[in-house]
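Open the model in your viewer and keep the selection tool at hand. The tour goes stop by stop.

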Amino acid sequence: MSKSPVNQTITGIAPSGIRKFFDIVAEMKDAISLGVGEPDFDTPWRVRDEAIYSLEQGRTFYTSNAGLFELKEAICGYLDRKYKLSYDPKTEVMVTVGGSEAIDLAFRAMLDPGDEVLIPQPSYVSYVPCATLAGGVPVTIDLKEENEFRLTAQELEEHITDKTKILVLPFPNNPTGAIMEMEDLVAIADVIARHDIYVLTDEIYSELTYGTEHVSIASLPGTKERTVYINGFSKAFAMTGWRLGYVCAPEEILEQMLKIHQFAIMCAPTTSQYAGVEAVKHCDKEVAAMREEYDGRRRYLLERLRGMGLSCFEPFGAFYMFPSIKEFGMTSDEFATRLLEAKKVAIVPGTAFGACGEGFLRISYAYSIESLKTALDRMEEFVTELRNQKQ
Amino acid sequence: MQEKILNYIEKNSRIDLHELAVILGEDETAVMNTLEEMEQEHVICGYHTLINWDKAGIDKVTAMIEVRVTPQRGMGFDKVARRIYNYPEVNSVYLISGGFDFMVIIEGRTLREVAEFVSQKLSALDSVLSTKTNFILKKYKDHGTIMADAPKEDERVGVS
């Protein structure tokens with residue numbers, strides 16, 4: 001046997017760091033987790049009810065490749081209403097199997113071999129492997145705690161070369177909870193225009209922005225033409241399992257993405273698409289209630305972390321916090337593993353989201369206050385014990 | 001701040017003051033003062049407990065009684081209502097638009113206890129024209145809380 005059965009590129013890609021930790025947690029029965037990356041809320045009932053109704057009506061066929069027109073139209077209305085984005089439902093929108101598919105499609109449709117993709121880190125685990133699989137060259141940008149993990153124009157500029165094609169903009173951010181505000185984005189928009197770079201903006205957490213309004217880079221003058229805008233239903237409407245996302249982009253790019261989607265996926269699940277129409281049209285109240293609940297937990301978690309003497313910047317997006325554990329002189333992985341063994345609390349090490357996540361942990365607050373409290377009490381014990389040992 | 005506090009404690013009145021203040025992002029003393037004011041002004045009328053008596057294995061009979069009355073001279077609906085709601089057996093009294101006037105909710109230990117109250121006290125009031133007693137057979141949801149289903153486990157994968 002001399003032929004390798006598998007592809008060289010994929011063989012060279014390491015499995016997700018989250019996955020590795022998941023396997024340990026899965027074997028430990030009574031562990032409590034603050035490691036989940038999805039909402040704890042059920043999908044609003046009116047959305048589920050619409051899905052049931054669509055099934056009763058026998059709407060179980062393929063939709064057109066780009067998705068139900070009714071849904072695309074509703075998405076455009078929603079984006080206009082919420083973020084002042086104007087897209088044409090006929091030519092500039094496509095419904096995908098979650099935001100993840102859209103990320104993959106965008107890279108595959110846009111990159112030529114050797115094109116560089118700028119990926120700020122810490123960030124979601126799929127950008128680097130997807131860019132690599134598409135033949136691109138991922139170039140990571142280490143974001144800094146002192147900038148509240150925002151991307152600055154200077155950091156961006158320092159990483160641009162002749163080969164740079166796409167900048168990934170993952171805000172509100174998983175795992176840090178960082179957001180980018182208007183002035184941050186204006187500075188970035190200026191750089192990308194000057195260097196003729198495209199932007200892939202992943203705004204899956206846009207609805208979960210606290211204390212300020214979410215701003216999309218695509219809403220700034222002159223940026224829409226060079227932006228691929230990705231969003232979805234998972235985080236905003238607590239619909240992770242429905243696998244429903246969407247992407248808006250200039251027709252020239254979307255056309256090519258649609259071809260890949262057509263051949264690989266056909267269309268997003270029909271039932272989910274009918275549910276999605278109800279979500280974007282009629283769930284503002286439900287979304288606001290969930291956001292308010294997260295915001296309360298966010299304040300609670302921050303107070304608890306600071307209360308146990310951990311340094312943590314105040315994040316205003318998503319449902320994560322990214323405290324530093326550098327004072328303990330161990331790696332994130334070591335800290336998380338020992339915490340899990342000693343106190344049975346599962347937290348994802350920051351390094352799962354890029355090497356620059358070293359010294360940090362990602363704590364999710366997609367949990368009830370009661371669950372947070374139990375887990376944080378245990379974590380506080382652990383931190384106190386560590387400090388006592390050191391003395 | 002008043003509305004924020006009320007919205008929160010309507011769902012969970014047992015939360016401690018410090019945590020409530022942190023969650024709402026308000027000053028602890030200010031929250032405490034607002035709570036006290038609202039208690040004094042009867043904006044907050046009590047901190048009751050929502051109980052699923054069926055689960056506790058304790059028998060209770062609840063009836064929703066539609067009552068039609070004639071408001072008498074010098075005695076509007078409010079006065080008739082008072083004669084009804086002063087009975088401790090009566091849980092709730094609502095003035096209703098539509099085909100009848102009051103919705104009266106009564107809780108007793110047995111069917112007979114409720115029936116006796118209706119026939120001997122409620123129907124016997126001068127201004128009461130008629131009553132229609134509806135016994136509750138099953139409580140699916142009460143005060144925004146679903147009682148029929150078992151509480152759900154967290155089905156999410158532990159780390160994602």
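A residue counts as buried if 20 or more other C-beta atoms lie within 10 Å of its own, and as exposed if 12 or fewer do. Keep in mind that this is a predicted model.

**Stop 1: one helix of chain A**

Select residues 182-195 of chain A. This is helix H8, with 14 residues. From first C-alpha to last, H8(A) reaches 20 Å, close to the 20 Å expected at 1.5 Å a residue.

Which residues of H8(A) are buried? Select A:Asp184, A:Leu185, A:Ile188, A:Ala189 and A:Ile192: these are buried. Now look down the axis of H8(A). The buried residues fall within an arc of 130 degrees, so they line one face of the helix.

What do they pack against? Add helix H7 (153-159), strand E5 (164-169) and strand E6 (198-202) of chain A to the view; the buried residues of H8(A) pack against these elements.

Turn to the other side of H8(A). A:Glu183 and A:Arg194 are exposed there.

Step off the end of the helix. A:Asp196 follows H8(A), and its phi is positive, near 55 degrees.

**Stop 2: the two domains of chain A**

Zoom out and colour chain A by domain. Domain 1 takes in 8-42 + 285-382, and domain 2 covers 45-282. Taken over C-alpha atoms, the centres of the two domains of chain A are 24 Å apart.

Now select the contact between them. Domain 1 of chain A gives 34 residues to it, and domain 2 of chain A gives 34 residues.

Stay on the domain 1 side. Helix H1 (8-11), H2, H11 and strand E9 (320-321) of chain A each supply at least two residues there. Which element supplies the largest share of this side? H11(A) does, with 6 residues. By type, the domain 1 side that touches domain 2 of chain A divides into 19 nonpolar, 9 polar and 6 charged residues.

**Stop 3: where chain A meets chain B**

Bring chain B into view. How many residues of each chain are in contact? From chain A there are 17, and from chain B there are 10.

Select helix H2 (17-27) and helix H11 (284-307) of chain A. These are the elements that give two or more residues to the side of chain A that touches chain B. The largest share of that side, 5 residues, comes from H2(A).

Finish by colouring this side of chain A by residue type. It divides into 10 nonpolar, 4 polar and 3 charged residues.

Terms used: Residues numbered from 1 in each chain as written. Chains lettered and ligands numbered in written order. Predicted model: local features only at pLDDT ≥ 70, side-chain atom pairs only at ≥ 80, totals over all residues. Contact = placed C-beta atoms within 7 Å. Helix = DSSP H or I, 4+ residues; strand = E, 2+ residues; numbered from the N terminus. Nonpolar A, V, L, I, M, F, W, Y, C, P; charged D, E, K, R; others polar. Domains from an automatic or database assignment. Expected span 1.5 Å × (residues − 1). Arc of directions from axis to C-beta.
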